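The following exercises concern the reading of a structural model from its coordinates. Each task is followed by a worked solution.

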Amino acid sequence: MIFSTLEHIFTHISFSVVSIVILIYLTNVVVYEIVGLSGSSEKGMIATFFCITGVLVTRWIYSGHLPLSDLYESLMFLSWGFSVIHMIPYFRNHKNSLSAITAPSTLFTQVFATSGLLPELNQSTILVPALQSQWLMMHVSMMVLSYSALLCGSLLSVALLIITFRKNIDFLGKKERLLLKRFSFNEIESVNERSNLLRNTYFLSFRNYHRYQLIQQLDRWSYRVICLGFIFLTIGILSGAVWANEAWGSYWNWDPKETWAFITWTIFAIYLHSRTNPNFQGKNSALLASLGFLIIWICYFGVNLLGIGLHSYGSFTLPSN
């Protein structure tokens, strides 16, 4: 009873703190950037990490097993993975460009885990025989950590595509304005019009330079985070194959979960291979990563809707009494 109460306390604290972090971030972006508030948001994400860690540890203690046996526990672990990825640039003394992705991802995952699922699905139950193995910690933790990293990297690629698309619109708009100036009926322009044109061109060049820097930064961080997630995914698939051989007598059974995990691995393997070609970096590779974002959700969440196959114990079935 005590540990269950602690779990609820940690859950509500982490939810409140990450909500404040997102509010601070929106304030800095929409209203005005305040240095003190930016530092507070980073500390808030660290506090969120420790609170989610407290949720997982207390659930581990009173359930007697690693909290990765059902959808609720895996969502909380996924939220914990988002907070871990958020703190990597912080402890490396880099400017944290991931907060716009990791903080909302942490919040939405927690909201769905605590409010979007039936209360019966949040209850800790005894492990089914298929999960009573030492491979549970290795396989499932690696898979969920890979999902969190790959989702963050894919969302960074989606942001890159959005900014690139807006850049192309601005470029076309600027080109049209220059053409209108060039083919104007008045061949002689006033001095004021010329000075305004130069000032606007300088402003657009300055803004496009910073946008180019942001695109390069998003591309770099997306590649790094996806590399990390791909390593986790590879370890998770290999450990799962060994576990499957021990439990079912075969390394691979083309179960729906296994099939979509293989598809996910293939998509991001193609992405990483395409990065070796300099001409395919940036927008082209971001398209692949954006496709991977949908594939991950099908693998992690969509397959559970079917409730079939060897991994059906992770579906939306209610625990039996």
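The exercises below treat a predicted model, beginning with the overall fold and ending with single residues.

**Exercise 1. Determine the secondary-structure content of the chain and the extent of its burial.**

Solution.
- Step 1: The assignment gives eight helices and zero strands.
- Step 2: In sequence order the pattern is therefore α-α-α-α-α-α-α-α.
- Step 3: The chain comprises 321 residues, of which 42% count as buried.
- Step 4: The exposed surface of the chain amounts to about 17,900 Å², and carbon and sulfur atoms supply 67% of this area.
- Step 5: Among contacts with a separation of 6 or more, 80% join residues 24 or more positions apart.

**Exercise 2. Describe the largest nonpolar core and state which helices supply it.**

Solution.
- Step 1: The largest nonpolar core has 57 residues, and those with the most contacts inside it are Phe 77, Leu 78, Trp 80, Tyr 147 and Ile 226.
- Step 2: At least two residues of this core come from each of α2 (35-63), α3 (71-91), α4 (99-116), α5 (135-182), α6 (191-248), α7 (256-274) and α8 (283-306).
- Step 3: The largest share, 15 residues, is supplied by α5.
- Step 4: A second, separate core contains six residues, including Ile 22, Met 45, Ala 103 and Leu 107.
- Step 5: As general background, nonpolar side chains tend to be buried together in soluble globular proteins.

**Exercise 3. Characterise the surroundings of Phe 77 and Ile 226, two of the residues with the most contacts inside the largest core.**

Solution.
- Step 1: Phe 77 belongs to helix α3.
- Step 2: Phe 77 has a relative accessible area of 9%; because the limit for burial is 20%, Phe 77 is buried.
- Step 3: Beyond residues up to four places away in sequence, Phe 77 touches Leu 56, Leu 68, Ser 141, Val 144 and Leu 145.
- Step 4: For the pair Phe 77 and Leu 56, the sequence separation is 21 residues and the C-alpha to C-alpha distance is 7.4 Å.
- Step 5: With the same exclusion of residues up to four places away, Ile 226 touches Leu 150, Gly 153, Ser 154, Ser 157, Phe 268, Tyr 271, Leu 272 and Ala 289.

**Exercise 4. Test the geometry of α7, and examine both the residues that precede it and its buried residues.**

Solution.
- Step 1: α7 has 19 residues, so at 1.5 Å a residue it should span 27 Å.
- Step 2: The end C-alpha atoms of α7 are 27 Å apart, in agreement with that expectation.
- Step 3: In the loop between α6 and α7 lies Trp 254, whose phi is near 55°, a positive value in a residue other than glycine.
- Step 4: Trp 254 is exposed, because its relative accessible area of 55% is over 50%.
- Step 5: At the start of α7, a side-chain oxygen of Asp 255 comes within 3.1 Å of the backbone nitrogen of Lys 257.
- Step 6: The buried residues of α7 include Lys 257, Glu 258, Phe 268, Tyr 271, Leu 272 and Ser 274.
- Step 7: Ser 274 counts as buried at 9% relative accessibility, and beyond its neighbours within four places it is in contact with Phe 280, Ser 285 and Leu 288.

**Exercise 5. How many disulfides does the structure hold, and are Cys 152 and Cys 299 buried or exposed?**

Solution.
- Step 1: A search of the whole structure returns zero disulfides.
- Step 2: Cys 152 has a relative accessible area of 2% and is therefore buried.
- Step 3: Cys 299 is likewise buried, at 1% relative accessibility.

How values were computed
Residues numbered from 1 in each chain as written. Predicted model: local features only at pLDDT ≥ 70, side-chain atom pairs only at ≥ 80, totals over all residues. Heavy atoms only, no water. Disulfide = S-S within 2.5 Å. Buried < 20%, exposed > 50% of the residue type's maximum accessible area, 1.4 Å probe, protein only. Core = buried A, V, L, I, M, F, W, Y, C linked by side-chain atoms within 4.5 Å. Helix = DSSP H or I, 4+ residues; strand = E, 2+ residues; numbered from the N terminus. Contact = heavy atoms within 4.5 Å. Areas by Shrake-Rupley, 256 points an atom, 1.4 Å probe, with all protein chains shown as cover. Expected span 1.5 Å × (residues − 1). Polar contact = N/O pair within 3.5 Å; in protein donor to acceptor, adjacent residues only side chain to side chain.
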